[in-house]
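Please take a look at the sequence and the structure below. The paragraphs after them start at one helix and then turn to the two chains.

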Number of protein chains: 2
Amino acid sequence: MTKNDYREELDTPAVLVDLTVLKENIAAMAAFAQKHGLKLRPHVKSHKTREIAELQLAAGATGLTVAKLDEAEAMVAAGFKDILIAYELIGEVKLRRLLDLTRRAYLSVLIDSEIGARQLSAAAASQGLEIPCLIEIDSGLGRTGVRPGQPAVELARAVKSLPGLKLTGLLTHAGHAYGAKNQTELNRIAQFEAESLLQTARLLEEEGWSGLALSVGSTPTVRISGTFPGITEIRPGNYVFNDATQIALGVAREEECALTVLTTVISRPAPDRAVVDAGAKTLALDRGAHGTALLNGYGLVKNHPEYMIERLSEEHGILALPPNSPLQVGDRLEVIPNHACPVVNLTDYLYIVEQGKVTGQWRVIARGGVR
Amino acid sequence: MTKNDYREELDTPAVLVDLTVLKENIAAMAAFAQKHGLKLRPHVKSHKTREIAELQLAAGATGLTVAKLDEAEAMVAAGFKDILIAYELIGEVKLRRLLDLTRRAYLSVLIDSEIGARQLSAAAASQGLEIPCLIEIDSGLGRTGVRPGQPAVELARAVKSLPGLKLTGLLTHAGHAYGAKNQTELNRIAQFEAESLLQTARLLEEEGWSGLALSVGSTPTVRISGTFPGITEIRPGNYVFNDATQIALGVAREEECALTVLTTVISRPAPDRAVVDAGAKTLALDRGAHGTALLNGYGLVKNHPEYMIERLSEEHGILALPPNSPLQVGDRLEVIPNHACPVVNLTDYLYIVEQGKVTGQWRVIARGGVR
């Protein structure tokens, strides 16, 4: 089913992607990477779409990053050959799936514990395979990863002693940048994102390691951390779309947001209230994964800063309106979501818009939970 | 692909449903409805699954409720014949889809505005059809719906004057019960849920209406609002599974929760922290749709009240642990989510567990965004 209707004839809620803005975002990040001699390995979790990954590679990306094995399987099935799974894979079933996949593409994975490294080593060695892996460093997010410096060096030594593993780099994701309250804090977080890898790499060089990839991530930080000499790779994801969070952080402007949710006013029950057909099962409930305090409501209504998306239930968005709002049942609005990535994960299709016309329908092939 | 493994051999994250508990929950609500002479029209948005709808009908449910047209289409395709779409359907494309569907099943829909009623009337009348509709009453949630009493009477008059519409009842959903701080408040909300319909129905009887369905909803309220003489129908959804929100409200006990998320510890980066492979794209970010202040974290770790799910990022759940916790990389945990409904919407399969064994895999057929 391909739709070639005007945007007004689409049913709602629908996730729209403005192709012109998307391509500009892809080109701008590719130009940044090229200027600084960085490998660009964009994170697929934001779009989960074959067509967008192809645009990224065509613009100069050297490979893809994914958040989990399901995404890697979907992208390998779509024909992609160089994929970093930015995740610790634990457990027999998962390692069996990983090893199956390594016969079809170049895959690398993360480790942050000796238990995890031993599991991976045993699985790979039993099949005579060598798995490329990167040590994850915690540069302040407080999620996964070993601390920079000595703990990472110790894990590298363990990896060296294990068969079936090849240490190819160090990786970190300063996701706490999303909680930055101002540019100064964002700068500090991004600088430490780079420094945590550079410092650890210096220690590893003293132990004889060389040629390790030093990979930093996140759309808000890469334009800072990526400029540090020695950093070799960036893994931004959200930049293809941008969203209300990136606007709140000062990382993107509204006109750089490629993804919107088209929604219809279904109820106008009170003078100060309208209800639209995009709720939490479309817009997601994100208020900033790591504490973006600057967001107001559950998304920005495009061209209508006076409307506030105050609450979401599963299939309803409840808008607070100013006095005398002319909004009527049947009117349509476009919403820039707080966080584009989970919105993509909640739909099967992205509707591609060019000059106000829907010109394509791209399938979200790596949506969560698909087996 | 059907899995017949033991639970320990499933890959994670996986959504598990304990069949014994599920059947007990279904039987208990059916018994309540029968005792009070109520029609039971369970809400499918919670499970979106053919097998569970069949169990509900086999236990005595008289039809199904859905939250949107996509769910209705999926359930009609699965063979179900009596479906209430508890939603206002607005716009040409949606009404065309609705009318197509009415040729294959008995469907009723909601109205809460004259604009909406006129759209529906025009579409139905143009095809010589008559669409059963219910007026939605706002009993305090502050979402969709007209106010009880005179505003509803006026909308009923408009419906009477329009061709192609048949008013079959009044409906309300006291979803703000999820924000109740104690049993007294919950009682008050549920009482008004019933009273708002009964009061409006008395006014409509004076205008000559009779035989209208009076339909109340929500798992926390139906056992109160359903006992009011004159109420004819209840539409609970979540009761099949229950979740941490129902526990917090005192509506269910932990052993009455049928749905859990099986997850693996992938990282143990600090003495007081573990990270599991169930994040916001599995557990959802719900903290209670209408303000459940009683929830602590992002779900309950079964048998481990000492573990707190403190933060979620997309694919990571971050657990705060007490001192000296023995939790290791590779350990598995089961989480009762805060809100079961969005968890189902994030997966393609429910793994059915009987006596600790996985005995089936049920497909989520009405997942959001599937076209």
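On one side of helix α6(B), Gln150(B), Glu154(B) and Ser161(B) are exposed, with 12 or fewer other C-beta atoms, placed from the backbone, within 10 Å of their own. On the other side lie the buried residues (20 or more such atoms): Ala152(B), Leu155(B) and Ala156(B). Seen down the helix axis, these buried residues fall within an arc of 105°, taken from the directions from the axis to the C-beta atoms, so they line one face of α6(B). Among the elements of chain B that cover them are β5 (106-111), β7 (165-172) and α7 (183-206).

This is a predicted model, in which local features need pLDDT of at least 70, side-chain atom pairs count only at pLDDT 80 or more, and totals for chains, interfaces and linings use all residues. Residues are numbered from 1 along each chain as its sequence is written, while chains are lettered from A and ligands numbered from 1 in the order in which they are written.

How do the chains relate? A rotation of 180° with 0.0 Å of shift along its axis superposes chain A on chain B, with an RMSD of 0.0 Å, by least squares on the C-alpha atoms of residues with pLDDT of at least 70 in both. The two copies are thus related as by a two-fold rotation axis. In chain A, Leu285(A) has the C-alpha nearest this axis, 3.1 Å from it.

The model scores ipTM 0.95 and pTM 0.95. Chain A averages a pLDDT (the predictor's confidence in each residue, from 0 to 100) of 94.

How values were computed:
Helices (H or I, at least four residues) and strands (E, at least two) are DSSP runs, numbered from the N terminus. Two residues are in contact if their C-beta atoms, placed from the backbone, lie within 7 Å.
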